[in-house]
Amino acid sequence: MDGRDWSKFLLPYEHAVEELKIKFKALRAELKIREELAPIEFVTGRVKRISSILSKAKSLGVPYDQLEKGIEDIAGIRIMCQFVEDIYRVAELIRERSDMKVMYEKDYIANKKESGYRSYHIIVEYPVQTALGVKPVLAEIQIRTLAMNFWATIEHSLNYKFKEELPEDVKQRLRRAAEAAYVLDQEMSSIRDDIMSAQKAFERNSNLVSRV
Ligand code: 0O2
């Protein structure tokens with residue numbers, strides 16, 4: 001493929017990322033109005049770089065004429081949540097949508113990756129309206145807490161700097177850091193639960209007092 005062919009190939013993915021970002025940011029805004037503790041903190045998106053598409057295709061053995069089906073994260077969306085419970089809530093909201101079709105899901109929270117990586121991935125098929133008609137493209141939606149994102153961002157950049165040849169002791173420390181991030185997530189959830197229970201008890205007491 002030359003530069004022009006790549007631009008044509010990537011166009012629907014660029015549209016998909018832009019549209020999905022707008023849609024999930026709108027969902028975030030709506031939930032912020034409707035709910036006291038909205039589940040979405042922030043949303044980002046990117047189209048995979050050509051060099052990354054080619055190296056992933058090579059490592060997965062995907063032929064160039066099968067990139068659309070073989071590489072599922074050319075269009076990528078990230079949704080960051082405050083709490084682990086919010087991740088499953090957002091996944092449910094995605095399943096209920098009629099503007100995208102869930103193809104499959106990967107729960108790297110219940111089943112963390114060897115590196116220590118945790119996130120919830122949903123592969124969706126999203127219909128992009130092009131000048132030539134509807135073009136369905138695959139997009140990967142990664143849903144994670146702020147702590148999971150903190151860890152994944154740093155681990156990714158360290159791997160990139162060291163060309164995926166991190167020394168074993170560094171990998172081990174990163175795995176431990178991933179566990180520390182997960183313990184932090186659990187503690188934050190527990191603090192939230194305690195505050196919510198205390199607030200409910202306070203509201204119940206206030207109602208009783210106002211009735212007297
Ligand atoms: P980039 O730069 O984010 O685009 P598998 O064959 O199952 O191991 P597969 O099929 O590539 O992996 O899909 P998977 O597991 O859903 O992971 C795809 C993306 O998840 C990655 O994209 C990363 O964004 C993220 N990810 C997965 N594992 C790790 C990890 O150990 N550390 C970090 N930081 N991110 C991870 P790319 O293409 O690797 O990179």
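Student: Before we start, what puts a residue near a molecule such as the ligand?

Tutor: Good place to begin! In this predicted model, a residue is near a molecule if its C-beta atom, placed from the backbone, lies within 6 Å of it.

Student: What is the average pLDDT of the chain?

Tutor: The score is the predictor's confidence in each residue, from 0 to 100. Here 99% of the residues score at least 70, and the chain average is 94.

Student: Which helix gives the most to the shell around the ligand?

Tutor: The residues around the ligand include Lys-48, Ser-52, Ala-152, Glu-155 and His-156. Two helices, H2 (50-60) and H5 (146-161), each supply at least two residues of that shell. With three residues, the one that gives the most is H5.

Student: How many residues of the shell around the ligand are charged?

Tutor: Among the residues around the ligand you can spot Lys-56, Asp-73, Lys-106 and Lys-113. The shell divides into two nonpolar, four polar and, to answer you, six charged.

Student: Which residues touch the most other members of the largest nonpolar core?

Tutor: That core has 27 residues, and those touching the most other members are Ala-16, Ala-75, Ile-79, Cys-81 and Ala-139. Elements giving two or more residues to this core include helix H1 (3-34) and strand E5 (133-145). Looking at one of them, and leaving out residues up to four places away in sequence, Ala-139 touches Ala-16, Leu-20, Ala-75, Gly-76, Ile-77, Val-124 and Tyr-126. So your list, by the 7 Å cut-off between C-beta atoms, is Ala-16, Ala-75, Ile-79, Cys-81 and Ala-139.

Key
Residues numbered from 1 in each chain as written. Predicted model: local features only at pLDDT ≥ 70, side-chain atom pairs only at ≥ 80, totals over all residues. Helix = DSSP H or I, 4+ residues; strand = E, 2+ residues; numbered from the N terminus. Nonpolar A, V, L, I, M, F, W, Y, C, P; charged D, E, K, R; others polar. Buried ≥ 20, exposed ≤ 12 C-beta atoms within 10 Å, placed from the backbone. Contact = placed C-beta atoms within 7 Å.
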